[in-house]
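Biologist: Could you take me slowly through one part of this model, the cysteines and what surrounds the helices that carry them? I am new to this, so please explain each term as you come to it.

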Amino acid sequence: MSRGTPNISSPLTPTDDALIAAIRGGDERALAHLYRLHWPMVSHFVLQNSGSEDDAQDVYQEGVMVFYEKVRDGSLELSCQIKTYLYAVCRRLWLKRLTSKSRFGVRLLDDEEHGPYLNTGAEDDVLAAEEQDRRFATMSEALNSLGEPCKSLLEGFYLLDKSMQDLTAEFGYTNADNAKNQKYKCLVRLKKLFFTHYKEEPI
């Protein structure tokens, strides 16, 4: 956004603009400032909706991480101020927790200042973050189910960035081609396990 000609239609305040630019640039102080700035709002919301201080901290940290990751990967599209977006994200996260604990419907008390929370785009962002977490958890479970030597072979290549020559020596293969063939077979097994676990997971 041009600093010379402000965008009148933008919902962001100058502070919001500066925070997003700083976070995108990797400034950890900006993230800490953001955290302190809107913590009282989320703490009040969770406490007035059957939550504890610890619950509020958990939800807020998760909400800030959703915002942070969207800023860093360039996919954040705000149609509201940051505080409204964070309120909507944390509201969605806390509602999900309350719903999982209750057999009955949950009705939340909202601060009118931060509505309308359903039009912020936060719902889709939270769902995307939850889906990504679910995929990571499923992949981790599939990897643990894979057994040896496949688990260590794939972790060595993809996570520890070891070369095929190193893995050939480590696992005692006769040459790098044999190691590559084994890695391919292990990868095929991992994909089958992943999709089996993923389909069985409840949405």
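Modeller: What follows is a close look at the disulfide, then at side chains on its helices, and last at some aromatic rings.

This is a predicted model, in which local features need pLDDT of at least 70 and side-chain atom pairs count only at pLDDT 80 or more, while totals for chains, interfaces and linings use all residues. Residues are numbered from 1 along each chain as its sequence is written, and side-chain values use heavy atoms, with hydrogens and water left out.

A disulfide is a covalent bond between the sulfur atoms of two cysteines. Here the term is applied to a pair of cysteine sulfur atoms within 2.5 Å, and by this rule the count comes to 1 disulfide. The bond joins cysteine 150 to cysteine 186, with 2.0 Å from S to S. This pair links distant parts of the chain, 36 residues apart, since cysteine 150 belongs to helix α6 (residues 150-159) and cysteine 186 to helix α8 (residues 176-200); helices here are DSSP runs of H or I with at least four residues, numbered from the N terminus. The torsion about the S-S bond is about -70 degrees, so the disulfide is left-handed.

Buried means under 20% relative accessible area, exposed means over 50%, and partly exposed lies in between, using a 1.4 Å probe and protein chains only. Cysteine 150 is buried at 3%, and cysteine 186 is buried at 0%. Two further cysteines are also buried, cysteine 80 with a relative accessible area of 10% and cysteine 90 with 1%.

Helix α6 also holds leucine 159, which counts as exposed at 61% relative accessibility. Elsewhere on the path you asked about, lysine 183 lies over the face of phenylalanine 157, at 4.5 Å from the ring centre; a charge sits over a ring if NZ of Lys or CZ of Arg is within 6 Å of the ring centre and within 35 degrees of the ring normal.

Turning to the rings, those of Phe, Tyr and Trp (its six-membered ring) pair if their centres lie within 6.5 Å, and planes under 30 degrees apart count as stacked, over 60 as edge-to-face and the rest as tilted. The count comes to 5 aromatic pairs, and among them tryptophan 39 and tyrosine 60 form a tilted pair, 5.7 Å centre to centre with 45 degrees between the planes. Tryptophan 39 lies in helix α2 (residues 28-47) and tyrosine 60 in helix α3 (residues 53-72), 21 residues apart, and both are buried.

Conventions:
Helices (H or I, at least four residues) and strands (E, at least two) are DSSP runs, numbered from the N terminus.
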